[in-house]
Amino acid sequence: MAPKLRLHMVVDPAGWLCISGVFGVWLYNSYLVPELVLLPHYREGHVPWILVICYYAASALCVAALFRASTADPGRLPANPQIPQSEREDWELCNKCNLMRPKRTHHCRRCGHCVRRMDHHCPWINNCVGEDNHWLFLQLCFYTQVLSGFTLVLDFCQYYYFQPLRHLDQEKFTARHELALLRGSALMGTLMFAGISGLFYSQLASVILDTTSIEKMMPFSGQTGGPTRPWRAALAEVCGTRWKALWFLPLRSRRALPDGRHFV
């Protein structure tokens with residue numbers, strides 16, 4: 001039986017403010033761009049219906065990944081963890097929460113507990129990125145790239161490619177919406193696409209190399225993973241499934257693969 005999706009909330013006003021800002025950017029682009037560009041040009045036959053479907057699908061997947069990454073348990077260590085007999089020598093005591101923890105587990109000061117294979121605490125999702133939600137964070141970065149890139153293309157086409165809309169005064173439309181559409185949307189799209197692209201590819205490299213952001217800052221700690229595996233094996237272990245199509249679906253649960261380090 002598949003595990004249930006449980007909500008994991010972090011009580012942090014600063015984090016709530018950050019995630020509200022991210023949601024506001026998503027809402028701005030998901031409403032303004034279709035309302036001013038995509039739907040009017042679709043009604044006049046300038047763009048095909050499949051383009052509209054793709055934009056809304058990217059928007060829906062982006063907000064779904066945001067919700068799941070911010071509310072999924074990142075791999076919080078329970079209050080009374082059961083230590084496997086074969087791993088007793090590898091566990092260590094956390095000097096902050098006074099609990100035994102396995103290797104590659106770190107204490108998050110913002111959340112107040114230890115997280116298995118913690119990568120970092122991200123204020124933009126108001127949650128830690130760890131063993132159980134790293135795949136959701138990768139999804140969020142990926143779909144944010146898709147949506148912001150889509151937005152930039154539509155903004156460009158509105159002013160340099162699409163035919164003028166027949167049902168409105170083009171000069172009046174430009175005067176009224178140029179600031180909100182061309183400057184605001186294009187600026188946000190550029191910043192989001194550039195920033196998230198760098199973050200996504202650095203996170204992807206960390207997964208493939210079996211390391212974390214924390215471990216990168218401690219090169220002599222000896223806590224990094226084993227030898228480099230094939231990229232498909234590394235991503236399958238993080239996503240909890242070998243089915244590649246499921247790597248892109250946020251509304252599911254992750255299950256740890258048995259003996260994940262040794263399959264190919």
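The legends below describe three close-up views of a predicted model.

**View 1. The second largest pocket and its lining.** This pocket has a volume of about 380 Å³. Its lining consists of 22 residues, and Val-22, Leu-140, Thr-144, Met-192 and Ile-196 lie nearest the centre. Four helices, α1 (13-43), α2 (49-71), α3 (134-160) and α4 (170-208), each supply at least two lining residues. The most comes from α3, with 7 residues. Sorted by class, the lining has 16 nonpolar and 6 polar residues, and no charged ones.

**View 2. Packing of α2 and α3.** The two helices pack at an angle of about 145 degrees, and their axes are 8 Å apart. The crossing of α2 and α3 is left-handed. On the α2 side the contact includes Leu-51, Cys-54, Tyr-55, Ala-58 and Arg-68, and on the α3 side Trp-135, Phe-137, Leu-140, Tyr-143, Thr-144 and Phe-150 are among the residues met. The residues of this contact divide into 18 nonpolar, 4 polar and 1 charged.

**View 3. Packing of α1 and α3.** Here the angle is about 40 degrees, with the axes 11 Å apart. At that angle α1 counts as oblique to α3, because angles under 35 degrees would be roughly parallel and those from 65 to 115 roughly perpendicular. The crossing of α1 past α3 is left-handed. Trp-26, Asn-29, Ser-30, Val-33, Val-37, Leu-38 and His-41 of α1 meet Leu-147, Thr-151, Leu-154, Asp-155 and Gln-158 of α3. By class, the contact of α1 with α3 has 6 nonpolar, 5 polar and 1 charged residues.

Note on methods:
Residues are numbered from 1 along each chain as its sequence is written. This is a predicted model: local features need pLDDT of at least 70, side-chain atom pairs count only at pLDDT 80 or more; totals for chains, interfaces and linings use all residues. Side-chain values use heavy atoms; hydrogens and water are left out. On a 1 Å grid over the protein atoms alone, a cavity is a set of points where a 1.4 Å probe fits but cannot get out, and a pocket is an open set with protein on both sides within 12 Å along at least five of seven lines; lining residues have an atom within 4 Å of a point. Grid points are joined across faces, edges and corners, and a volume is the space filled by probe spheres set on the points. Ala, Val, Leu, Ile, Met, Phe, Trp, Tyr, Cys and Pro count as nonpolar, Asp, Glu, Lys and Arg as charged, and the others, Gly among them, as polar. Axes are lines fitted to C-alpha atoms, for helices over the stretch in contact, and angles run from 0 to 180 degrees between N-to-C directions. A crossing is left-handed if the near helix is turned anticlockwise from the far one by less than a right angle, and right-handed if clockwise. Contact means heavy atoms within 4.5 Å. Angles under 35 degrees count as roughly parallel, over 145 as roughly antiparallel, 65 to 115 as roughly perpendicular and the rest as oblique.
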